[in-house]
Amino acid sequence: MRLNRSIKKFECRIATLLGVMLTGSLSASVIPPLPFLDLEPVLVIGSPAEIQYLAGSGYVLDDVTLEQFQYQDIHQVLARVPGVYVRQEDGFGLFPNISLRGSDPGRSGKVTLMEDSIPIAPAPYSAPAAYFSPTLGRMASVEVLKGSSQVRFGPHTTGGVINYLSTPIPAQNQTQLTASYGSFGQVRLHGTTGGIALRSEHASLHYLLELHHEQVDGFKTIRPAAGGAYAGSDDTGYERTDAMLKVGWKRGSHELNLKLGYVELDSRESYLGLNDVDFANDPYERYAASRFDEINADHKRMLLTYTWSVSERYQSVVKLYNNRFHRNWYKLDQVNGQSLSTSMRLDSDTYKVLDGSKEGTLKVKANNRTYRSNGIQWLHQLQLDLDHHTHILEGGLILHSDSIRRYQHADVFAQEADGSISGLIEVRGPDREGNRKQVSDVTTFYVVDRIQIGNLRLEPGLRYEQIEWEYWRADGRPSPTLREGDMSIFAPGVGMNYVLSEGWSLFGGLHRGVSPVSPSGAASGLEEERSQSVEFGIRGNQRDWAVELVGFHTDFENLVTSESIANGGNDANIGQVRVSGLEWMLSRELLVQSDQRLVVELSGTYTRAEIVDPTDGQSDPESIFFGAFDGSRIPYIPEWMLQAGLHYSHSRWSAGITAAYTGSVYGTADNRESDPDDIRVGRVGSRWVVDAQVNYQISEQWNAFLVARNVLDEVAIASRLPHGLRATLPRSLKVGLTLSL
């Protein structure tokens, strides 16, 4: 009681002081406040209803949306969201390449990826290129935040935030089991059980157990060696198992939640694609030389969250997290000592080695890496109700540390003219294959003031980060063994939302975005990526329809490409980039009756993303940005994206169909149509992808579903990266049952 009285006195003093500062006096009239977001420990946006008052552009893909199509591929989900660009790679979404509003899509290195509002990328500061994506099949929903309302989340504030929301702990005892089987031997098993473990008059203990397993044989085949000694294989799929435990305890104003998780992945995916001629003959083949390729990975995660609702106007949250991710991608790296991207010319000796019709050498590298990420977040929210203003002050102090440790080796095999492997002729140890370590220790402070003045809501905020980094390297190259340094990052922004009338609001904002470089980039003298962005939009939500229209413009001062062999060997500054665009979304209920509902959805994005002042610092021929010129289009950012959907429900039945269009893109920043000596150069053509689903509620407990992807079985190029053309997923079907108890 004494503490509550002290808090109330403190609130009154602060309210009086701020009121005098802002208005000069305090009025007796009280304006009813608009809904404000609570400091929910796992949410970025909140429920779909909260978007109406969001000071920026955001979308929530809820559990109904995810369950309708039984989504397992994050690329497929994000295709529904305007302003999000995806580049597929393996056809199943294991290795996402995501861009928000024109940021570099390579390995999602410029997007802040989170799970339950905690950074989930393996090492977001030390190695932002993410060869990892949380298991979408176990998620309850996905939040996407773009534009000027992302000061709270980092480190990459030049693009936006994608927040995966895991299955919540149920308030009552319940169990759900889902099983499905589909094309290419696809099996999915997903089970959750949880509820009340203990309950007393003043406290309760809840829990959740979850297990998700998926496996598939793959839709590609490794073709036989042309020399006849290797018979080929159709084992190009993967297996992934994900287990999670949640325990939640609540007593009065105190709440404690623990989340533990573990994932194992075994995938026979390859960096190696096809040349144009072989793709035209059979887009679902792989060369015999990729027979060794396989990635093994495991991920351990822990999150402990303590929430103290001190009063109705003050809340404090403390979050401790720890993640460890290990992966070893054993894959073809060179043929006869040459890069894979330059080894696919049909008349070359290296191509014949790939095809298994000529003797040569195959270098297979074990990209063996261990990532660690841990930290503590201390977040606060205080609401101040003045006569003419309402303030919700939110602040956070974050201590974060992450690292990447490379311990790679390579094996060089001798291949005979018949395609057989005659032996291992050389083992190249870690001292020759990138043995290094990168560490980032980060202190972050942010503050956001949500100010309400009548129907106007302003959200000024700033984010400050101090990064101390170390770069240790011992790979036989002439360089210092250890380099270290620090950098400071300052990212202010302001967003606004003005309610015109019930269901209608204007929103927009200005934002300075920053994306830090990795320790290896800092060691070579690169500066962080900076951007100035502006957006302005209108959204409306009436009884049977909703609409949103947003215009945006971003100037990147120093676009940085992430470190990845697909984009070059090291971080690099590309130069100044300009991105402008228009996003829209419309949904309309065409039929609403007691037992029937028909909804149509239309959305799209127009984007102009071009380099306006390329830097001379980008000189690595391995980079897809090599050869950029003033006015060149950014690779893999399409000019047009469209999506249309029709969803119908009647009694126990529901069905839906969606069609997504992606415009053509260039594979490299030099915007050339082709290059026989570099398979990455050229266009990736436009494509339509149509998906459909049918659900039938057999009983209160049983639900049956049928899902079809790429219904028209369109053959299309997904990407020319990492090394060669690769196809989108062909037509596939999946049938399953869900049991709810």
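**Exercise 1. Strand β38 and its partners**

Which residue in β38 does glutamine 176 stand opposite? Find the strands that pair with β38 in this predicted model, and give a residue pair for each.

Solution.
- Step 1. Begin with strand β8, residues 174-182, which is joined to β38, residues 732-740, by seven bridges. The two strands run antiparallel.
- Step 2. Within β38, the residue opposite glutamine 176 is serine 740.
- Step 3. Turn to strand β35, residues 702-709, which pairs with β38 over eight bridges, again in the antiparallel sense.
- Step 4. For this pairing, leucine 706 has valine 735 of β38 as its bridge partner.

**Exercise 2. An open sheet**

In what order do the strands of the five-stranded open sheet lie, and which of them stand at the edges?

Solution.
- Step 1. Read the order across the sheet: β1-β6-β7-β4-β5, with mixed pairing.
- Step 2. Take the two ends of that order. β1 (57-61) and β5 (118-119) each have a single partner strand, so one side of each has no neighbour in the sheet.
- Step 3. Look at the partner of β1. Five bridges connect β1 with strand β6, residues 139-146, and the two run antiparallel.
- Step 4. Pick out one pair: leucine 61 has valine 142 in β6 as its bridge partner.

**Exercise 3. The two largest cavities**

How many cavities of 30 Å³ or more does the model contain? Describe the largest and the second largest.

Solution.
- Step 1. Count the cavities at the cut-off of 30 Å³ or more: there are 13.
- Step 2. Give the volume of the largest cavity, which is about 540 Å³.
- Step 3. List what surrounds this space. The lining of the largest cavity has 36 residues, with Ala79, Val86, Ala660, Thr662 and Arg687 nearest the centre. Elements giving two or more residues to this lining are α3 (74-78), β2 (84-86), β29 (596-614), β30 (640-650), β31 (653-662) and β34 (687-697). β31 gives the most, with four residues.
- Step 4. Sort the lining of the largest cavity by class: 18 residues are nonpolar, 13 polar and five charged.
- Step 5. Go on to the second largest cavity, with about 240 Å³ of space. Its lining has 23 residues, and Ser117, Arg152, Phe153, Gln377 and Ile398 lie nearest the centre. Two or more lining residues come from each of β16 (314-335), β18 (360-385), β19 (390-406) and β22 (436-453).
- Step 6. Sort the lining of the second largest cavity: 13 nonpolar, five polar and five charged residues.

**Exercise 4. A nonpolar surface patch**

Which residues make the nonpolar surface patch of about 700 Å²?

Solution.
- Step 1. Name the members: Leu320, Ile376, Trp378, Leu397, Leu399, Phe445, Tyr464 and Phe490.
- Step 2. Assign them to elements. β18 and β19 are the elements that give two or more residues to the patch.
- Step 3. Place one further member: tyrosine 464 lies in strand β23, residues 456-473.

**Exercise 5. A salt bridge**

How many salt bridges are counted, and which parts of the chain does the pair of aspartate 278 and arginine 223 link?

Solution.
- Step 1. Take the count, which is 50 salt bridges.
- Step 2. Check the distance in the chosen pair: the closest N and O atoms of aspartate 278 and arginine 223 are 3.7 Å apart. The cut-off is within 4 Å, so the pair qualifies.
- Step 3. Locate the two residues. Aspartate 278 is in helix α4, residues 276-281, and arginine 223 is in the loop between β11 (221-222) and β12 (238-251).
- Step 4. State the separation: the two are 55 residues apart, and the pair links distant parts of the chain.

Definitions and conventions: Residues numbered from 1 in each chain as written. Predicted model: local features only at pLDDT ≥ 70, side-chain atom pairs only at ≥ 80, totals over all residues. Heavy atoms only, no water. Pairing = 2+ DSSP bridges. 1 Å grid on protein atoms, 1.4 Å probe; cavity = no way out; pocket = protein on both sides within 12 Å on 5 of 7 lines; lining within 4 Å. Points joined across faces, edges and corners; volume = space filled by probe spheres on them. Nonpolar A, V, L, I, M, F, W, Y, C, P; charged D, E, K, R; others polar. Patch = residues over 30% accessible without salt bridge, like charges linked within 9 Å, V, L, I, M, F, W, Y side chains within 5 Å. Areas by Shrake-Rupley, 256 points an atom, 1.4 Å probe, with all protein chains shown as cover. Salt bridge = Lys/Arg side-chain N within 4 Å of Asp/Glu carboxyl O.
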